[in-house]
Amino acid sequence: MVNTRVNLCGVELKNPVVPASGTFGFGYEFNDIYDINVLGGISIKGTTKDARFGNPTPRIAECTSGLINSIGLQNPGIEKVINEEIPKLRSVYNNVIISNISGFSIDEYKYCCEKINAVKDVDIIEVNISCPNVHNGGMSFGTSPENAQAVTKAVKSVTDKPVFIKLTPNVTDIVSIAKACEEGGADGISLINTSQGLRIDLNKRRPVIANKIGGFSGRAIFPIALKMVYQVYEAVKIPIIGIGGVATAEDVIEMMMAGATAVQVGAENLVNPYACRDIVNNLPRVMQKYKINDLNEIIGEAHK
Amino acid sequence: MKQGYFTVLTNEKLTSNVYKMTLAGDTKAIERPGQFVNIQIDGLFLRRPISVCDLEDGKLTIIYKVVGKGTEKMSAMDGGEILDILTGLGNGYFTDFAGDKPLLIGGGVGVPPLYYLAKCLLKEGKTPTVILGFNTASEIFYKDEFEDLGIKTIVCTADGSVGVKGFVTDGVDQVGEYTHVYTCGPEPMLKAVYNKTTSDGSYSFEERMGCGFGACMGCSCKTKYGNKRICKDGPVLQKEEIIW
């Protein structure tokens with residue numbers, strides 16, 4: 001028997017596999033196709049203070065080994081998420097719930113985190129300062145160490161739940177931003193969000209996506225994400241959730257060797273709705289193949 | 001929704017760029033006409049959503065137009081290929097709304113889902129009429145198949161080369177009383193049908209999708225009943241909820 005249990009700031013996950021926010025709805029929809037209780041955790045759809053429709057369509061463009069999205073944080077608003085979506089998820093699911101929060105001002109981040117702090121069913125708050133698809137919000141907080149730290153401090157002042165700050169790769173120095181978050185009191189770092197990208201329709205001679213530029217994710221970005229997890233692991237002491245292009249159990253192990261304590265699976269869910277279940281099922285066999293008895297032994301092992 | 005492996009049985013060219021493919025596999029997850037399947041194609045990241053044209057026990061028929069890399073690869077298949085397909089996607093057409101004399105209106109590659117719908121309506125004892133719209137004679141497909149079902153079939157061509165000269169809305173003038181409209185086609189056609197017809201209707205929309213099963217919010221639209229996902233809450237919207 002191998003051990004797949006990992007621990008994020010005192011929150012135990014029975015395995016490190018977590019569907020990433022925005023690729024798994026509010027989770028319960030997937031319970032119709034498999035038992036979502038196999039998952040270590042679920043990071044639910046990013047939530048803002050008020051309901052949002054998001055960006056105009058088309059919002060999706062295909063790429064080699066990935067896709068560009070420009071959803072723009074479509075969500076029903078924090079009240080509905082707390083009163084309807086989280087209870088619906090909890091009614092079919094017993095494991096870790098990560099609530100993903102976004103905002104357009106520091107006050108909005110605070111507002112949402114304060115509300116979520118009162119929700120017993122939420123184990124971890126993930127603060128998205130990295131959405132590339134909304135103006136004057138999201139990513140603008142994640143591209144400078146000062147702003148990232150200001151958001152971190154603000155949300156930490158209103159919650160006692162573990163706070164993970166989700167970072168964007170669209171920066172010159174992700175290490176300085178991760179360190180600023182740690183100094184601001186972050187309990188962990190989630191990285192990476194999507195990388196900005198563009199596709200042009202050759203027939204129309206215009207960008208495919210209505211918003212023109214969107215966020216690129218999928219298998220293609222795995223090496224970029226891995227490199228950033230590797231760099232941030234060397235610079236901070238708090239745990240890292242590795243995100244970006246993870247599609248197999250081997251990817252999970254590689255991400256953990258780079259320094260991740262847990263891993264999120266994003267775009268792969270959209271092409272294989274069973275992706276997370278398959279990764280969970282394959283993980284023990286792949287661990288045995290590489291003679292890993294306990295996943296905790298390999299976190300950051302590539303640095304030794 | 002169900003994931004399964006289907007074997008390509010036949011793949012036949014209907015017009016210069018429209019193909020009919022038959023596949024063998026488990027079709028049990030397909031609950032009603034107007035639903036679609038989402039096909040994984042080697043070397044491409046996203047699946048390709050295609051509407052169900054016909055269904056018999058374990059045999060699926062789809063009709064698709066070559067519009068990009070995915071459908072181009074599909075057009076080169078010649079039987080025996082095994083495809084990973086998600087089935088039973090979308091809400092589809094509800095036959096309960098039909099009344100006695102439903103009117104089916106399809107334009108171009110919006111025609112295929114109406115074929116299985118027509119078969120289901122006939123099985124329920126309804127008397128459907130179908131209007132098929134194409135640009136020109138060489139683009140017409142499935143006229144004979146609808147006629148073989150024994151239902152009144154009106155073909156409209158924009159250039160007048162076959163049938164009624166004009167658009168599907170010109171075909172509507174040739175139909176007497178109808179109880180409900182079922183339609184699928186390009187959005188300008190849907191809007192014209194919306195303005196022309198007087199009954200309630202079920203309108204099937206198209207949008208660029210990410211997942212096809214409601215997870216990514218890539219294909220959202222606004223309706224009078226709130227935001228809906230074309231892939232999961234649609235592709236069929238009721239006339240009274242549509243916001244153009």
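How many residues does the contact take from chain A, and how many from chain B? In this predicted model, selecting both sides of that contact should highlight 33 residues from chain A and 26 residues from chain B. Between them, chain A and chain B bury about 2300 Å², with 62% of that area on carbon and sulfur atoms.

**The chain A side**

Stay with chain A and select A:Phe53, A:Glu62 and A:Val271, the residues that lose the most area to chain B, together accounting for 27% of what that side buries. Now show the side chain of B:Arg48 as well, since the side chains of A:Glu62 and B:Arg48 meet in a salt bridge, with 2.7 Å from N to O. The rule finds one salt bridge across the interface of chain A and chain B, while the count of residue pairs in polar contact between these chains, both at pLDDT 80 or more, is eight.

Next, colour strand 5 (60–63), strand 6 (66–69) and helix 7 (268–271) of chain A, the elements that give two or more residues to the side touching chain B. Helix 7 of chain A provides the largest share of that side, namely four residues. If the side of chain A that touches chain B is then coloured by residue class, 15 nonpolar, 10 polar and eight charged residues should appear.

**Inside chain B**

Hide chain A and split chain B into domain 1 (2–89) and domain 2 (95–204), whose C-alpha centres lie 23 Å apart. The contact between these domains takes 17 residues from domain 1 of chain B and 13 residues from domain 2 of chain B, and the two domains bury about 1200 Å² between them, 70% of it on carbon and sulfur atoms.

For a close view of this boundary, select B:Lys119 and B:Asp54, whose side chains meet in a salt bridge at 3.0 Å, N to O; the rule finds one salt bridge across this domain interface. On the side of domain 1 of chain B that touches domain 2 of chain B, strand 2 (18–24), strand 4 (48–56) and strand 5 (59–65) of chain B each supply at least two residues, and strand 4 of chain B gives the most, with six. By class, that side of domain 1 has eight nonpolar, four polar and five charged residues.

**A last stop: the hairpin**

Finally, select strand 13 (residues 220–223) and strand 14 (residues 226–229) of chain B, which run antiparallel and are joined by four bridges. A hairpin of two residues connects strand 13 of chain B to strand 14 of chain B, and B:Thr223 has B:Gly226, in strand 14 of chain B, as its bridge partner.

Terms used
Residues are numbered from 1 along each chain as its sequence is written. Chains are lettered from A and ligands numbered from 1 in the order in which they are written. Side-chain values use heavy atoms; hydrogens and water are left out. Domain bounds come from an automatic or database domain assignment. Contact means heavy atoms within 4.5 Å. Buried area is the accessible area (1.4 Å probe) that two parts lose on being put together, summed over both. A salt bridge is a side-chain nitrogen of Lys or Arg within 4 Å of a carboxyl oxygen of Asp or Glu. Ala, Val, Leu, Ile, Met, Phe, Trp, Tyr, Cys and Pro count as nonpolar, Asp, Glu, Lys and Arg as charged, and the others, Gly among them, as polar. Two strands pair if DSSP finds at least two bridges between them. A polar contact is a pair of N or O atoms within 3.5 Å; within protein, one must be able to donate a hydrogen and the other to accept it, and residues adjacent in sequence count only if both atoms are side-chain atoms.
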